[in-house]
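The questions below ask what justifies each label given to this model. Each answer sets a value against its cut-off.

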Amino acid sequence: MSLPSLADSGLTRRRRYLVGVSGGRDSLALVHWLMEEGCQNLIVCHLNHGLRGRESGADAAFVRRLAKAHGLAFETERISVKELAGERGLSLEEAGREARLEFFKRVGRHYRCRRVVLGHHADDQVETVLMNLFRGTGNLGGMRAHSEVKIQNRRLELLRPLLRV
C-alpha cells in the first residue's frame with residue numbers, strides 16, 4: 001500500500017504537531033513524509049528511555065541533528081523507564097508508554113499543542129491485536145488512527161496516519 005495523502009490522514013499543513021521520533025525507521029519515515037507533504041510546524045519529540053546505554057544517547061543525538069538539519073523544533077528528555085516500571089509496578093512497555101504520554105503532555109503544554117503524530121503502521125497493528133489476544137484482554141480492535149487519551153487532566157490527540165501502511 002502507498003502512503004496516504006495528508007488530507008486522507010486528517011492532518012493539515014498549517015497545524016502544529018508534536019511528532020514522536022525514536023530514531024527508528026518508522027518514526028523517521030513519518031517525519032520525512034510529513035515534511036514532504038508540506039507540514040512545517042512540527043515539533044520533533046524524543047524521549048530517551050535509558051534502556052540501551054550509549055546507544056540511547058546516540059539515538060537522541062541523531063534525532064536532534066535531524067531536526068536541526070530541517071529547521072524543526074526539537075524537544076528531548078531522558079528518563080529511566082526501568083526505575084519508573086519498578087516504582088509503579090508496571091512492565092517496561094507500560095512504563096515506557098506512560099513516560100512518553102507524560103512527556104508529550106509537558107511538551108504539548110509548552111507549545112500549546114495537544115496533537116501527537118506517531119509512526120505506528122500496519123505491522124504494529126497486527127502486533128497489538130495479537131498481544132491483546134494472548135493477554136486475553138478481549139480487545140481485538142487494535143489501535144485507531146485517531147484517538148484521545150487523558151493524562152493527568154490533559155487530553156492528547158494521538159494521530160497515526162501510517163496505520164494502514
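Q: Why does R114 count as partly exposed, and not as buried or exposed?
A: The relative accessible area of R114 is 25%, and buried means under 20%, exposed over 50% and partly exposed in between, with a 1.4 Å probe and protein chains only. The value of R114 falls in the middle class, so R114 counts as partly exposed.

Q: What kind of model is this, and which conventions apply to its numbering and its values?
A: This is a predicted model, in which local features need pLDDT of at least 70 and side-chain atom pairs count only at pLDDT 80 or more, while totals for chains, interfaces and linings use all residues. Residues are numbered from 1 along each chain as its sequence is written, and side-chain values use heavy atoms, with hydrogens and water left out.

Q: What makes the contact between E148 and R114 a salt bridge?
A: A salt bridge is a side-chain nitrogen of Lys or Arg within 4 Å of a carboxyl oxygen of Asp or Glu. The side chains of E148 and R114 meet at 3.9 Å, N to O, so the pair satisfies that limit. Because E148 lies in strand β5 (residues 146-151) and R114 in the loop between α5 and β4 (115-117), the pair ties together parts that are 34 residues apart in sequence. Helices (H or I, at least four residues) and strands (E, at least two) are DSSP runs, numbered from the N terminus.

Q: Which other salt bridge does R114 form, and which parts of the chain does that pair tie together?
A: R114 also meets E157 in a salt bridge, at 3.3 Å from N to O. E157 lies in strand β6 (residues 154-159), so this pair ties together parts that are 43 residues apart in sequence. The network of salt bridges links R114, E148, R155 and E157, and the structure holds eight salt bridges.

Q: How do you know whether E148 and E157 are buried or partly exposed?
A: E148 has 37% relative accessibility and therefore counts as partly exposed, whereas E157, at 12%, counts as buried.

Q: Why is helix α4 called roughly perpendicular to helix α5?
A: Helix α4 (residues 81-88) and helix α5 (residues 92-111) pack at an angle of about 105°, with their axes 8 Å apart. The axes are lines fitted to C-alpha atoms, for helices over the stretch in contact, and the angles run from 0 to 180 degrees between N-to-C directions. Angles under 35 degrees count as roughly parallel, over 145 as roughly antiparallel, 65 to 115 as roughly perpendicular and the rest as oblique, so α4 is roughly perpendicular to α5.

Q: Which residues of α4 and α5 meet, and how are they classed?
A: From α4, V81, K82, L84, A85 and R88 meet L92, A95, G96, E98, A99 and E102 of α5, where contact means heavy atoms within 4.5 Å. By class, there are six nonpolar, one polar and four charged residues in this contact; Ala, Val, Leu, Ile, Met, Phe, Trp, Tyr, Cys and Pro count as nonpolar, Asp, Glu, Lys and Arg as charged, and the others, Gly among them, as polar.

Q: What joins R88 to E98, and how accessible are these two residues?
A: The side chains of R88 and E98 meet in a salt bridge at 2.6 Å, N to O. The pair links R88 in helix α4 with E98 in helix α5, ten residues apart. R88, with a relative accessible area of 38%, is partly exposed, and E98, at 28%, counts as partly exposed.

Q: What makes V81 a buried residue, and which residues does V81 touch?
A: The relative accessible area of V81 is 0%, so V81 is buried. Not counting residues up to four places away in sequence, V81 touches H49, L92, A95 and G96. V81 and E93, twelve residues apart in sequence, are 8.7 Å apart in space, C-alpha to C-alpha.

Q: What is unusual about the phi of R112?
A: Most residues other than glycine have a negative phi. R112 has a positive phi of about 55° although it is not a glycine. R112 is found in the loop between α5 and β4 and, at 77% relative accessibility, counts as exposed.
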